[in-house]
Amino acid sequence: MTSATLLPSAGDAAAAAREAAPAVPGARGRAWAPTAAAVGRRLVGAVVVLWASVTVAFVALQLAPGSAIDALVPPTQRTPEAVAAVTAEWGLDRPVVQQYVDYLGRLLHGDLGTSYQLHRPVTDVIVSELGPTLQLAAAGLAVALVLAVVLAVSTAGRPWASRIANGVELTIVSVPEFWLGIVLLFVFSFSLGWFPVAGANGLASLVLPAVALGLGLVGLVSQVLREGVERSLEQPYTLSVRARGVSETALRVRHSLRHASLPVVTLLGWLVGGLLGGVIIVEQVFGRPGIGSVALQAAQGRDLPVVLGVALLSALVYVVVNTVVDLLALVIDPRLRTGARA
Amino acid sequence: MTATIATPAAPASSSTDGRRGAGRPAGLAARLRTLPWGVLVASALLVLLLLVVAFPGLFASRGPLDADPLRVFLPPGHGGLLGTDQLGRDVWSRVVYGARYSVLIAVSATALGVLAGVLLGLLAGLGGRVTDEVTARGLDVVAAFPAILLAIVLVTIVGPGIPTVIVALAIASVPRYARIVRAETHVVRRSAYVEQSVTFGLRRTTLVARHVLPHAVVSVPILATIGLGTSILAASSLSFIGLGPKPPSPEWGAMLADGRNYLQNAWWISVFPGVAIVLVVLSVSVVGRWLQRRFEHREHA
C-alpha cells in the first residue's frame, strides 16, 4: 500500500467511494464521526436484512399448505386430545403476533423449531451435518483461490497466455458443477480408480468434490485477480522494483499479487453465495452427507422448518461475511470512511 | 411429420433473411466479417439452438421418449449419433428435444426477473426516501439467498415442477436488474434535462415513460443476456437435484441425474447432455460479454 498506487486511480476510487458511501448530512465533524456513521450504517443494514429474512420465514411457515398440526401429529394418532395437546405445547392457539414474537425469541436462543419429518430439533439436525459441509466448502474455496492465484499470476500481462486463460475461464464458468463432478467421477473414480466413488470418509473422498466445487468459482476470481495484477504491473512502483533487479516471479508474487488481492476481498461475498449454492449440488453428485443433502431431503418431504433453518443459516453466513467485508474495506481504504466529494 | 414441418419452415426463415438482406445488402455481410470469430461461432450456435427449439423434428428422427428394449446401452455411432440409454432411447433425440426445457425455463425466468426488476428499480429510484430504502433492503434480503436455496424453499412450500423453477430463478435474478435500474434512475432523475422537463410542465407519467425509463434500462438487455446463461445453468442444476422436470422428460439436467447411475458402463448418457449445456451457456456468455464490451466502449467514447 504505497501512496504511489493511489495517484493514477484516484478519480476512479473517488467515484467508487461516492457510490459506496453517500454523504451523510452533518457527518463532517471530527475525524471519527464519519467512520462511526459508516460502520453504524452497515451494521444496522445487516441487522435489518436478517430481521426481514426471519420475518419472511415466519410468514412462509404461517401460509404454507399443510399446517403444523398435520406435520406434528401423524394421521393415525389424530385424536382431539392429541391435537389439543400439540396445539397447547406449540402455542398454535395464540394470536399470530404473539407467535411471531415467540418465534423471534426462540431464534435468538438458537432454536430453529422442530423437524416435521425427523421429530428432532432443527438446530441439532443442522449441527450434526455441519462438519462434512464445512470441510467441503473450505476445501473448495482453497482449490478456487490457489488455482486462481496460479492462473492470474502466471498469465497477467502476457498477451497470448492471458488470452488462453480468458478462454479457459469463460469455459469453466459455463460448465455446470454437477456435470464436472460426473466427468471427474468417471475419469478418476471409475476409470482410474484413484478416488472413492461416494461418501465422506477421509481426505481421498474430499478431493474430487472440492475440485468440482472450486473449479466452478475459479473463473471469476482469476479474472478479477488477473486484471488487478495487470493494473499493478503498469504502475510506477513496478518499474522501481524491476530496477532493483527483483526477478519477475518475485515481483508478481510479492508486489503485484498483494495489490490485486484487494478487489478479490470484495468478491468474497459473492464467493460465499457461490459456495453455499455449489455445496448443495456437489453433495448430491458425490453422495456426501451434509447440509445440502439435509435441505434437499427436507424439501422432498415438505419439511419446512428444516429447509427454513438451512436458509436462515445461509442468510446469516452471507450477511455476516458481507458486513465483515464492508467493514474490512473501511479499514483498508480510508477514503470510503467519509462521504467527502472529490 | 418431419416433412410437414420442414416445408413451411424453410420459406419462412428465408423470407426474413431476404427482408433483412434487402435493407442493407452490403452492410450485413461487411458487419458479419468484422465480428470476432468467437462471437460469430457463438451466434451461429444460438441460431441453431433456436431452430432446434422451434423444429426439433427436423434434427431428430426419433422421439425423445421412444424406447427400444432391443437397443439398450449402444455406444455412440453404433446406435444413433450419441448412442442409446438404458431404455434404448436415442440420446441425440433426447438432447435435441431437451433444448426446449432449458430455453423455455431460462427465457421465462429472465423475462419475469427483468420485468419485476425494472419495475422495482423504477419504484425505488422515483419514490420517496422511505420507499427507496425499503425496496433496497428488500433486494438485499433476496440477494442473501443463493438461487438454489430459494428454489428449495419454494419447492417445499408449493411442490416441484417447471413453474416453481421459473419463479425461483426469476426471484433470484430480480436484485441484479433492480439495483442497476435504481442506480440509473437516481442519476437520470437529478439530471438537468429532467429538471427542465419538469419546468415545462410535463406530466409525471410522460416524463417517466419518455425520459427516465429509456435511460434507466440501457444496460438491462446486456445484463439479461448474461443472466440468461446463468439461468440455463441454474435450471439444469435444479433439475439435476430433482426439483425441476422429472426424469422421463428429456431435460438436460434430469438426463444427467438419470444417466449417472450407468456412468460405469455407459458414459455417453450423462456426458452429452452436459456438453449441450456447456455449449449453450458458453455461446450465451460469449455473445453477452461482447455486447457488454461494445456498450462500455460506447459509454466511454
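In the predicted model, helix 6 of chain A, which covers residues 122-155, comprises 34 residues and should therefore span 50 Å at 1.5 Å a residue, a value with which the 47 Å between its end C-alpha atoms agrees. Within this helix the axis has a kink of about 45° at A:Leu130, a position that lies shortly before the proline A:Pro132. Just after helix 6 of chain A, the glycine A:Gly157 adopts a positive phi of about 75°.

A positive phi is also found at A:Arg302, where the angle is near 55° although the residue is not a glycine. This arginine is placed in the loop that links helix 12 (291-300) to helix 13 (304-332) of chain A. Because 19 other C-beta atoms lie within 10 Å of A:Arg302, the residue is classed as partly exposed, the threshold for a buried residue being 20 or more.

A further partly exposed position in chain A is A:Leu251, which is so classed because it has 17 C-beta neighbours inside 10 Å. A:Leu251 belongs to helix 11 of chain A, and, when neighbours within four places in sequence are left aside, its contacts are A:Thr238, A:Val241, A:Arg242, A:Val246 and A:Ser256. Of these partners, A:Thr238 is separated from A:Leu251 by 13 residues in sequence, while the C-alpha atoms of the two residues are 7.6 Å apart.

Chain B contains 13 helices and zero strands. Its C-alpha atoms occupy a box of roughly 80 × 55 × 30 Å along the principal axes, and 44% of its 301 residues count as buried. When contacts in chain B between residues at least 6 apart in sequence are considered, 69% of them connect residues that are at least 24 apart.

The contact between the two chains involves 39 residues from chain A and 34 residues from chain B. On the side of chain B that touches chain A, two or more residues are contributed by each of helix 6 (129-143), helix 7 (147-158), helix 11 (220-240) and helix 13 (268-300) of chain B, with the largest share, nine residues, coming from helix 13. By residue class, this side of chain B consists of 23 nonpolar, eight polar and three charged residues.

One part of the contact between the chains is formed by helix 11 of chain A, residues 248-285, and helix 7 of chain B, whose axes come within 7 Å and cross at roughly 65°. Here A:Leu276, A:Gly277, A:Ile280 and A:Ile281 of helix 11 of chain A meet B:Ala147, B:Ile148 and B:Leu149 of helix 7 of chain B. The residues in this helix-helix contact comprise six nonpolar, one polar and no charged.

The largest nonpolar core has 151 residues, and those with the most contacts inside it are, from chain A, A:Ala295, A:Val307 and A:Ala311, and, from chain B, B:Leu150, B:Ala151, B:Ile152 and B:Leu169. The element that gives the most to this core is helix 5 of chain B (residues 91-126), with 15 residues. For B:Leu150, one of the residues with the most contacts inside the core, the partners beyond four places in sequence are B:Phe145, B:Ala168, B:Ile171 and B:Ala172.

How values were computed. Residues are numbered from 1 along each chain as its sequence is written. Chains are lettered from A and ligands numbered from 1 in the order in which they are written. This is a predicted model: local features need pLDDT of at least 70, side-chain atom pairs count only at pLDDT 80 or more; totals for chains, interfaces and linings use all residues. Two residues are in contact if their C-beta atoms, placed from the backbone, lie within 7 Å. Helices (H or I, at least four residues) and strands (E, at least two) are DSSP runs, numbered from the N terminus. Ala, Val, Leu, Ile, Met, Phe, Trp, Tyr, Cys and Pro count as nonpolar, Asp, Glu, Lys and Arg as charged, and the others, Gly among them, as polar. Axes are lines fitted to C-alpha atoms, for helices over the stretch in contact, and angles run from 0 to 180 degrees between N-to-C directions. A nonpolar core is a set of buried Ala, Val, Leu, Ile, Met, Phe, Trp, Tyr and Cys residues joined through C-beta atoms within 7 Å. A residue is buried if 20 or more other C-beta atoms lie within 10 Å of its own, exposed if 12 or fewer, and partly exposed in between; C-beta atoms are placed from the backbone. The expected span of a helix is 1.5 Å times one less than its number of residues. The bend at a residue is the angle between axes fitted to the seven residues ending there and the seven starting there.
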